[in-house]
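Reader: I have a structure in front of me and a list of terms I do not fully trust. Could you show me what each one rests on?

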Amino acid sequence: MKQKKFLLPESEIPSQWYNIQAEMPNKPLPFLNPATREPMKASDLYPIFCEECAKQELNQTDTWIDIPEEVREQYSAYRVTPLVRAYGLEKALDTPAHIYFKNESVSPAGSHKLNSAIAQAYYAKQQGVTNLTTETGAGQWGGALSYATKMFGIDCAVYMVKVSYEGKPYRRSIMQTFGANVTPSPSMSTRAGKDILTVDPLYQGSLGTAISEAIELATTTPNCKYALGSVLNHVSLHQTVIGLEAEKQMALTGEDPDIIIACFGGGSNFCGISFPFMRHKIAGKTNTRFIAAEPAACPKLTRGKFEYDFGDEAGYTPLLPMYTLGHSFKPSSIHAGGLRYHGAGVILSQLMKDGYMEAVDIDQVESFDAGVLFARSEGIIPAPESCHAIAATVREALKCKVAGESKTILFNLSGHGFVDMASYDSYFSGDMQPYHISDEELAKFIKSADALNNLA
């Protein structure tokens, strides 16, 4: 397997995060208080989030935000992450395209999620918070926050989507190893969970459900705050270390990416690799294509609707302007648990609406086809979520082959799949199905968001 890694010294870890909100021609619409329909201020978010995270969430003026030195010290355990030329994949596809990937799987948690988990745990510690609570889909975010809170001496409680809690036991074990309390969601430990189970006792859960439970715990527990691993603006901000590093590493290659790709659930890893490059497109200096690869079973960017909606199922969050499938959306039990979320990030939704990026939906069989090809040609077993980015990359590389064009493609390998082998077992046994949701089903769920907007 021929590879070429482009490495940077630890001194090149970014000292600032990039805040794309400050440079967007059309700023994201405001969060709305669901009771009053009035725009929310940062202070309105303090009951749920750490104060510094709330301030970053609504900051539309500061282009660059300093990374605390204590956060950079924790980053140094794994950053700067490698940029790799994927010669093996290029050869397997017989494509003239040049394929690079940013390898975020090398973090102690095995994914990019640690970039924001460390920051949020640090801000909690600085504020004197003793407990953080969160949700997790596939378990990558839960594992990252469990690690980060242990580093800063904070207790952590995780609501893990039930289908993943049962199907990904080793992800649960990772969280427990770092000292987190892990509960399958929906559960009987919260009012939100009880209400959901009363209606559907066999419900296998969603990220929207787990978010509701985590927020309820945060708001009813003394000195406890809620931490989110995707979707929100401050999470996307923290993840820009990925793209800022990749910019410098691509300069070492002598190439500029024509296409940048990442898998898409709520947006954290996509925003992380794309926003630093996208600022040049906003400035009119490049014409790079940015492609979000989402599952066909949860296609909010390709088939959803841009409108205000809750970020959770029970309606505890502010109303967010985003592409959504409706907060009542009940996703199928696909193996890419981290992508089973009904909505898209607010910043990313506005950029999508304004035409700065595009999206494709990919079924899980095609994604695992690509993931296995990548593993066999590059020697890394990717997480099921990352397989979607690889599948979109394969599509673009094969287009280059047909057209005889040599384009430069950069994708984000958001995490490894070493504890997701049950998903690969399902693929190899032929049990995995290429699930696509029907228009009729989507329309039913989107009605929950339509109803909110009709009241506005």
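Author: What follows takes the terms one at a time and sets values against cut-offs. The model is predicted.

Reader: How do you know that the length of α11 fits a helix?

Author: Helix α11 covers residues 241–253, which is 13 residues. At 1.5 Å a residue they should span 18 Å, and the end C-alpha atoms are 19 Å apart, so the two values agree.

Reader: Which residues of α11 are called buried, and what makes a residue buried?

Author: Buried means under 20% relative accessible area. In α11 the residues that meet this are V241, I242, G243, L244, E245, A246, Q249, M250 and T253.

Reader: What comes after α11, and what is its phi?

Author: G254 follows α11, and its phi is positive, near 80°.

Reader: What about the length of α15?

Author: α15 has 15 residues, for which 21 Å is expected at 1.5 Å a residue. From the first C-alpha to the last, α15 reaches 20 Å, which is close to that.

Reader: Which residues of α15 are buried, and what do they pack against?

Author: The buried ones are Q364, S367, F368, A370, G371, V372, F374, A375, S377 and E378. They pack against the helices α3 (87–93), α16 and α17, and also against the strands β5 (98–103), β14 (358–362) and β15 (408–413).

Reader: Which residues are buried in α17?

Author: Helix α17, residues 421–429, has S423, Y424, S426 and Y427 as its buried residues.

Reader: Why are they said to line one face of the helix?

Author: Seen down the axis of α17, the buried residues fall within an arc of 155°, so they line one face. The face turned away from that buried side carries the exposed residues D425 and F428.

Reader: What does the buried side of α17 pack against, and what follows the helix?

Author: The buried residues of α17 pack against α15 (364–378) and α16 (384–403). After the helix comes G430, with a positive phi near 85°.

Reader: What makes the phi of D94 worth a remark, and where is D94?

Author: Phi of D94 is near 50°, a positive value in a residue other than glycine. D94 sits in the loop between α3 and β5.

Reader: Why is D94 called exposed?

Author: Exposed means over 50% relative accessible area. D94 has 52%, so D94 is exposed.

Reader: Why does N223 count as partly exposed?

Author: Partly exposed is the range between under 20% and over 50%. N223 has 40% relative accessibility, so N223 falls in that range. N223 also has a positive phi, about 55°, although it is not a glycine. Its place is the loop between α9 (207–220) and β9 (224–226).

Reader: Is Y87 of helix α3 buried, partly exposed or exposed, and what value decides it?

Author: Y87 lies in helix α3. Its relative accessible area is 24%, so Y87 is partly exposed. The C-alpha atoms of Y87 and K444 are separated by 45 Å, and the two residues are 357 residues apart along the chain.

Reader: What makes D155 exposed, and what does D155 touch?

Author: D155 belongs to strand β7, residues 155–161. Its relative accessible area is 51% and the cut-off is over 50%, so D155 is exposed. Leaving out residues up to four places away in sequence, D155 touches T130, N131 and L132.

Reader: Which peptide bonds are called cis, and what are their omega values?

Author: One is the bond from R79 to V80, with omega near 10°. V80 is in the loop between α2 (69–75) and β4 (83–85). Another is the bond from S185 to P186, also with omega near 10°. P186 is in the loop between β8 (181–185) and α8 (191–199).

Reader: How many cavities are there, and how much space is in the second largest?

Author: A search of the whole structure finds seven cavities of 30 Å³ or more. The second largest holds about 130 Å³ of space. Of the 14 residues that line it, F49, L228, L232, T317 and L320 are the closest to its centre.

Reader: What classes of residue make up that lining?

Author: The lining of the second largest cavity has twelve nonpolar residues, two polar residues and no charged ones.

Definitions and conventions
Residues are numbered from 1 along each chain as its sequence is written. This is a predicted model: local features need pLDDT of at least 70, side-chain atom pairs count only at pLDDT 80 or more; totals for chains, interfaces and linings use all residues. Side-chain values use heavy atoms; hydrogens and water are left out. Helices (H or I, at least four residues) and strands (E, at least two) are DSSP runs, numbered from the N terminus. The expected span of a helix is 1.5 Å times one less than its number of residues. Buried means under 20% relative accessible area, exposed over 50%, partly exposed in between (1.4 Å probe, protein chains only). The arc is that of the directions from the helix axis to the C-beta atoms. Contact means heavy atoms within 4.5 Å. On a 1 Å grid over the protein atoms alone, a cavity is a set of points where a 1.4 Å probe fits but cannot get out, and a pocket is an open set with protein on both sides within 12 Å along at least five of seven lines; lining residues have an atom within 4 Å of a point. Grid points are joined across faces, edges and corners, and a volume is the space filled by probe spheres set on the points. Ala, Val, Leu, Ile, Met, Phe, Trp, Tyr, Cys and Pro count as nonpolar, Asp, Glu, Lys and Arg as charged, and the others, Gly among them, as polar.
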